[in-house]
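Trainee: Hi, have you got a few minutes to go through a structure with me? I'd like to start with what we mean by our words before we look at any residue.
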Amino acid sequence: MTIQYRIAPADLSGHYFDVTLTIALPDPAGQVLWLPVWIPGSYLVREFARHIVTLTASADGAPVGLTKLDKHRWQAAPVAGPLVVEYRVYAFDLSVRGAYLDDTRGFFNGTAVLLAVAGQEDRPCRIKLVAPKGKAYRDWRVATSLTPDGAEPGGFGHYRAANYDELIDHPVELGEFTSDTFKACGVPHQIVIAGRHRADLKRLKRDLKKICEYQIRLFGEPAPFQRYVFMTMVTGDGYGGLEHRASTALMAARDDLPRAQDTDIRPGYRQYLGLCSHEYFHSWNVKRIKPAAYAPYDLHREAYTRLLWAFEGITSYYDDLTLRRAGLISEASYLELLAQTMTQVQRGAGRLKQTLEEASLDAWVKYYRQDENSPNALVSYYTKGALAAASLDLTIRLRSDGQRSLDDVMRALWLRYGRDFDARGQGVPEDEWERVASEAAGLDLADFFAQALRGTGELPLAGLLREFGVDSQLRPMAGGADKGGWKDLAPNGAGNSLGARVTAEAGGVKLTHVLEGGAAHAAGLSAGDVLVAIDGLRVNAGNLDGHLGSWPAGSRVGIHAFRRDELIERELVLASATADTWGLRLLDTAEAAMLARRRGWLGGA
Ligand code: ZN
């Protein structure tokens, strides 16, 4: 028997969805209902049930008692007939991970608003999306990758899913959004943009098509979905994305979308394309090739795996690489992105303490719960994972004399686990990933994995890059906006560094992170301190570097700062900026063998 849902924007200004759930055959012992505590793809316990404000049940028009069992589960009193559950959910999370409703737009992930029926999670589901009442909303439409079951394309009405797992993996956008379509390898793709914008959709379609076709062909046609939807919410400064089996929900800054007058790809647009590429790649890597720990997902509690680096790190490696291989950006532009990733990893002492496997396992309590000490304490399985993936790819290419690559590893994982995931539901066991990789590469990679995944030593990437005709430099940061990339070094060095991350604050400069071993750490400054003067002169975000650079390294200068509302005085021993910034460029004098390797790597196989 089908589980029936009905969801309606009820009080738009109050941000409430009303949901009705009808269960034809409730558990005779008393039906248990539950809401996920986390959403797949975002590894933090979010307790979505806290947003349910009222919940009642009835059968045959008579009320049925409900008992709250714990933070996310309820149990109805035993009834024979259809059980009807009605509840109201507060939806005001403007992110890709929850639900949102106001009088301009609605959005939801099923994980935040659709209760699961315990013991009946495998049954087919039917959901009715109801339009908000009122003339002001008559132009509202629907965007979702859910399969229509009576609804017109883009319309309110009925949709269906094979089971609860599928039901909650198709986010839904409601409102007056911009939309366009294109085909990639024959598969229909839809672009949906909500929020005010002036994006050039023709340009976006053309560029996304290249990304999609490259990735579909990388794993082999056919694509693993019948249809795909890129959903973007535009705000002034948004950034983020979440992957789903046939769609992605994204947040982007308005200025990062392409404009009609653009002649090339601006850095913001390059970043947006990288985000689209990242989430699209997840259609294969994590939505279908999954760790066994996610097959199926346990949405009642944290699901632990040491393999998150492979699902996020490898996806982070291929997101930018796809832009290059699909011909959207130059080799130099790709190397700039890679150098920025290398720089992000280099700038945290956490890389010397946490391994990639540890970072994966502790994602729930470390990566997703970052604080002022995080750069000193943890490494990102995204960024270091991407560098491990790059190192693995180049190692395989070099040792197999160009015959194999990480592409072969991904295809082997796809054939073994991903392609038939829907039928077999088999995830990658924790100890199988490395075995499949070694087999697909035709190499013994045990030493590589021991070092890259279970060690905290530096990855061999710079040395490998040289074999591919890429020159590297590790240099001091040149000012606060320097994210990495090649720079010809000034003969006098790069000045002094405070050894802290800062943000502008009225009347001074606020330290957000004090980096281990830096000058601020040695001077006894803490995160949260607001630096107001150096040697009696007022500082702000604009003149800080200039002040620090006006003394030779080793000088001792008095500083004033506010800690909470108390003025403190400390002595700062100025230290030269350490080399924490990577630059990469094509080697002018590369040998023919290097050039051939580079073509194989960056030009696509
Ligand atoms: Zn991801």
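Mentor: Happy to. Buried means under 20% relative accessible area, exposed means over 50%, and partly exposed is in between. Keep in mind that this is a predicted model.

Trainee: Got it. So is His-278 buried or exposed, and why?

Mentor: His-278 has a relative accessible area of 6%, so His-278 is buried.

Trainee: And which residues coordinate the zinc ion?

Mentor: His-278 does so through NE2, His-282 also through NE2, and Glu-312 through OE, at 2.0 to 2.1 Å. Along the chain, the donors of the zinc ion follow the spacing H-x3-H-x29-E. His-278 and Glu-312 are 34 residues apart and link distant parts of the chain, with His-278 in helix 4 (residues 267-281) and Glu-312 in helix 5 (residues 308-325).

Trainee: What about Glu-312, buried or exposed?

Mentor: Buried, because the relative accessibility of Glu-312 is 1%.

Trainee: Switching to cysteines. How many disulfides does the count come to?

Mentor: Zero disulfides. In general, a disulfide is a covalent bond between the sulfur atoms of two cysteines. The cut-off here is a pair of cysteine sulfur atoms within 2.5 Å.

Trainee: Why is there no bond for Cys-212?

Mentor: Because the closest cysteine sulfur, in Cys-276, is 8.4 Å from the sulfur of Cys-212, which is too far for a bond. Cys-212 has a relative accessible area of 0%, so Cys-212 is buried.

Trainee: And Cys-125, buried or exposed?

Mentor: Cys-125 counts as buried, because its relative accessibility is 4%.

Trainee: OK, cavities next. How many of 30 Å³ or more does the structure hold?

Mentor: Three. The largest cavity has about 80 Å³ of space. Its lining includes Ile-39, Asp-165, Arg-245 and Tyr-297. By class, the lining of the largest cavity divides into five charged, four nonpolar and two polar residues.

Trainee: What lines the second largest cavity?

Mentor: Among the residues there are Arg-105, Phe-107, Glu-173, Met-231 and Met-251. Strand 10 (105-108), strand 19 (228-235) and strand 21 (247-253) are the elements that give two or more residues to that lining. The volume of the second largest cavity is about 50 Å³, and its lining has seven nonpolar, two polar and two charged residues.

Trainee: Any pockets I should look at? How much space lies in the second largest pocket?

Mentor: About 840 Å³. The second largest pocket is lined by 36 residues, and those nearest its centre are Asn-163, Asp-165, Glu-166, Arg-245 and Asp-422. Strand 14 (147-148), helix 2 (164-167) and helix 11 (421-424) are the elements giving two or more residues to the lining of this pocket.

Trainee: Which helix gives the most to that lining?

Mentor: Helix 11, with four residues. The lining of the second largest pocket divides into 16 nonpolar, 13 charged and seven polar residues.

Trainee: One last thing. Where is Ala-579 found?

Mentor: In strand 31 (residues 579-586). Ala-579 has a relative accessible area of 37%, so Ala-579 is partly exposed.

Trainee: What is Ala-579 in contact with, leaving aside its neighbours within four places in sequence?

Mentor: Ala-579 is in contact with Leu-474, Arg-475 and Pro-476. The C-alpha atoms of Ala-579 and Gln-473 are separated by 9.3 Å, and these two residues are 106 residues apart along the chain.

Notes. Residues numbered from 1 in each chain as written. Predicted model: local features only at pLDDT ≥ 70, side-chain atom pairs only at ≥ 80, totals over all residues. Heavy atoms only, no water. Buried < 20%, exposed > 50% of the residue type's maximum accessible area, 1.4 Å probe, protein only. Donors = N, O, S within 2.8 Å, 3.2 Å for Na, K, Ca; no water. Contact = heavy atoms within 4.5 Å. 1 Å grid on protein atoms, 1.4 Å probe; cavity = no way out; pocket = protein on both sides within 12 Å on 5 of 7 lines; lining within 4 Å. Points joined across faces, edges and corners; volume = space filled by probe spheres on them. Nonpolar A, V, L, I, M, F, W, Y, C, P; charged D, E, K, R; others polar.
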